[in-house]
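I opened my notebook to work through this structure one item at a time. The entries below keep to what I looked up.

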Amino acid sequence: MKGNKICSIVLFVFAALWAFSILIFTDFEDAGFYYWGGFAFGLIAIILGAIVNLFISSRSNRNTTEIEMIPIYVTAVYVVASVIFNAVFVYLKDGNYNITIPVVNVIAIVGYLVYIHGLSSYADRVVATGNAVGGKTSKYGAISTQMAKILGMCNDPDIKKKVLELKQKVDYSNNLAQDAVVYEEQDFYNTLLGLENMLADGSSKEEIFALIDEADGIWKIRNSKLSTMS
């Protein structure tokens, strides 16, 4: 994000220097179509690159930092190529390039904008996918955290062994939830909360084992449903 803003500032300064350095030496009586066409399109290319990068920096996301660094390099290539191309016409007086100047520049501008738009759409899809994955793994993450907490509360080696076996089943299960197993995951999580309360209250080993077996049965149902969907 910071890089995009700095790039835009540099481009705006470059646009001012481009305009100043050319206009200060301009012979307005001798300046023709080539001169003004090359000057105008060169200036447009620089300002367009700066505006695009400012827009990108305003919507950057940490999940797409690497993707959105690409426009900086694309913009640099486009601006440098455009400036070199149009600088030639600023100082060119001979030849028949009336059509060449606008056609090449318009094609370059359209191509640049289309590419940036495509990259922006791709970045949006990356963010959406990341958010979707984060949402689908949030309950699994809460379950895993709760199991680790319960494991840390176990003082009895037999209970600890049984909880560890259950935790390993959870750890090696599919961590992407589906709507079809929302109830089972919530039921399993509630059972873990009950197990935590039992351990804190010093309930009997038999009661704790029974609740662990109940949780194990719920998790098996959850995994069974997911396996039928894959």
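What follows are my entries on cores, one buried residue, a surface patch and salt bridges.

**Entry 1: the model.** I noted before anything else that this is a predicted model, and I kept that in mind for each entry.

**Entry 2: the cores.** I looked for the largest nonpolar core and found that it has 27 residues, with I46 and Y78 having the most contacts inside it. The elements that give two or more residues to this core are the helices α1, α2 (33-58), α3 and α4 (100-153), and α2 supplies the largest share, which is 10 residues. I then looked up Y78 by itself: apart from neighbours within four places in sequence, Y78 is in contact with A45, L48, A108, I109 and Y112. There is also a second, separate core of 21 residues, and its members include L166, L192, I212 and A215.

**Entry 3: N86.** Is N86 buried or exposed? I found that its relative accessible area is 0%, so N86 counts as buried, since the cut-off for buried is under 20%. N86 sits in helix α3, which covers residues 70-90. Which residues does N86 touch, if those up to four places away in sequence are not counted? They are G37, G38, F41, G42, I101 and N105. I checked one of these partners further and found that the C-alpha atoms of N86 and G37 are 7.8 Å apart, although the two residues are separated by 49 residues along the chain.

**Entry 4: a patch on the surface.** I next turned from the inside to the outside, where I9, V13, F14 and L17 make a nonpolar surface patch of about 360 Å². One of these residues, L17, belongs to helix α1, which runs over residues 2-23.

**Entry 5: salt bridges.** I reminded myself that side chains of opposite charge can pair when their charged atoms come close. How many salt bridges does a search of the whole structure find? The search gives nine, and I followed up some of them.

I began with E196 and K149, which form a salt bridge whose closest N and O atoms are 2.9 Å apart. This pair links distant parts of the chain, because E196 is in helix α6 (residues 182-201) while K149 is in helix α4, 47 residues apart. I compared how the two partners are covered: E196 counts as buried at 15% relative accessibility, whereas K149 is partly exposed with a relative accessible area of 44%.

I then took K205 and D156, whose side chains meet in a salt bridge at 3.2 Å, N to O. K205 lies in helix α7 (residues 205-229) and D156 lies in the loop between α4 and α5 (157-171), so the pair ties together parts that are 49 residues apart in sequence. Both count as partly exposed, K205 with a relative accessible area of 28% and D156 at 25% relative accessibility.

My last pair was D216 and K220, which form a salt bridge with the closest N and O atoms 3.3 Å apart. Why are D216 and K220 separated by about one helical turn? The reason is that they are four residues apart in helix α7. D216 counts as buried, because its relative accessibility is 13% and the cut-off is under 20%.

Finally, I noted that salt bridges sharing partners join D156, D158 and K205 into one network.

Technical notes: Residues are numbered from 1 along each chain as its sequence is written. This is a predicted model: local features need pLDDT of at least 70, side-chain atom pairs count only at pLDDT 80 or more; totals for chains, interfaces and linings use all residues. Side-chain values use heavy atoms; hydrogens and water are left out. Buried means under 20% relative accessible area, exposed over 50%, partly exposed in between (1.4 Å probe, protein chains only). Contact means heavy atoms within 4.5 Å. Patches are made of residues with over 30% relative accessible area and no salt bridge: like charges are joined within 9 Å, nonpolar side chains (Val, Leu, Ile, Met, Phe, Trp, Tyr) within 5 Å. Accessible areas come from the Shrake-Rupley method with a 1.4 Å probe; for residues, only the protein chains shown count as cover. A salt bridge is a side-chain nitrogen of Lys or Arg within 4 Å of a carboxyl oxygen of Asp or Glu. A nonpolar core is a set of buried Ala, Val, Leu, Ile, Met, Phe, Trp, Tyr and Cys residues joined through side-chain atoms within 4.5 Å.
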